[in-house]
Amino acid sequence: MSTQASVVHLNVIDFAAAVAIAKDRSLAKFPFVVATAGAARPVVLEVSRQACAECITPGMPVGMAERLVHKLRILDPAPSACSTAHSLMVKIACRYAPLV
């Protein structure tokens, strides 16, 4: 039995965007951002790969992002979907690193 510790680190780039695509595969074809539309000054929280390729970045005001990409889709955050995806990732990681 090995006494050596192992560390598993999972980093899903643009996690909320990846979850959105997992829920709706058609989003993979279009630039989109995750942002809270009802905020007084909405900012981009997460970007899809296509939106990133169009120079959209997290923290950018949504209005500016829309001016850069006219057909940009704005998605509301989906905390329950992200929580479910995170729980599934933890469950998988526990197979390899029992202390998470």
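The following exercises, each with a worked solution, concern the predicted model shown above.

**Exercise 1. The sheet**

Determine in what order the strands of the open sheet lie, and which of them are edge strands.

Solution. Begin with the pairings of β1, which covers residues 32–35. With β2, strand β1 pairs in the antiparallel sense over 3 bridges, and V33 stands opposite V47 in that strand. With β3, strand β1 pairs in the parallel sense, again over 3 bridges; here V33 stands opposite I74. The order of the 3 strands is accordingly β2-β1-β3, and the pairing is mixed. The edge strands are β2 (44–47) and β3 (73–75), each of which pairs on one side only. On average, neighbouring strands of this sheet are turned by 35° against each other, direction ignored.

**Exercise 2. The faces of β1**

Establish which residues of β1 are buried on each side of the strand.

Solution. In a regular strand, side chains alternate between the two faces of the sheet. In β1, F32 and V34 lie on one side, whereas V33 and A35 lie on the other. The four named residues are all buried, and both faces of β1 are thus covered.

**Exercise 3. The packing of α1**

Identify the elements against which the buried residues of α1 pack.

Solution. First locate the helix: α1 comprises residues 15–23 and packs on the sheet, where it touches β1, β2 and β3. The direction of α1 makes about 115° with that of β1. Next, list the buried residues of α1, which are A16, A17, V19, A20 and I21. These buried residues pack against the three strands β1, β2 and β3 and also against α4 (79–94).

**Exercise 4. The loop residue P31**

Decide whether P31 is buried or exposed, and state which residues outside its sequence neighbourhood it contacts.

Solution. P31 belongs to the loop between α1 and β1. Its relative accessible area is 17%, so P31 is buried, the cut-off being under 20%. Leaving aside neighbours within four places in sequence, P31 is in contact with S48, Q50, A51, V69, K71, L72 and R73. For Q50, the separation from P31 is 19 residues in sequence but 4.5 Å in space, C-alpha to C-alpha.

**Exercise 5. The helix α4**

Compare the expected span of α4 with that of the model, and describe where its buried residues lie.

Solution. At 1.5 Å a residue, the 16 residues of α4 should span 22 Å; the C-alpha atoms at its ends are 22 Å apart, in agreement. The buried residues of α4 are A81, C82, A85 and A93. Seen down the helix axis, these fall within an arc of 110° and therefore line one face of α4. The buried residues pack against α1. The face turned away from the buried side carries the exposed residues P79, S80 and K91.

**Exercise 6. The cysteines**

Explain why C52 and C94 form no disulfide.

Solution. A disulfide is a covalent bond between the sulfur atoms of two cysteines. The criterion applied is a pair of sulfur atoms within 2.5 Å. For C52, the closest cysteine sulfur is that of C55 at 8.0 Å, which is too far for a bond. For C94, the closest is that of C82 at 19 Å, likewise too far for a bond. By this rule the count is 0 disulfides. Both residues are partly exposed: C52 has a relative accessibility of 45%, and C94 has 31%.

Note on methods: Residues are numbered from 1 along each chain as its sequence is written. This is a predicted model: local features need pLDDT of at least 70, side-chain atom pairs count only at pLDDT 80 or more; totals for chains, interfaces and linings use all residues. Side-chain values use heavy atoms; hydrogens and water are left out. Buried means under 20% relative accessible area, exposed over 50%, partly exposed in between (1.4 Å probe, protein chains only). Two strands pair if DSSP finds at least two bridges between them. Helices (H or I, at least four residues) and strands (E, at least two) are DSSP runs, numbered from the N terminus. Axes are lines fitted to C-alpha atoms, for helices over the stretch in contact, and angles run from 0 to 180 degrees between N-to-C directions. Contact means heavy atoms within 4.5 Å. The expected span of a helix is 1.5 Å times one less than its number of residues. The arc is that of the directions from the helix axis to the C-beta atoms.
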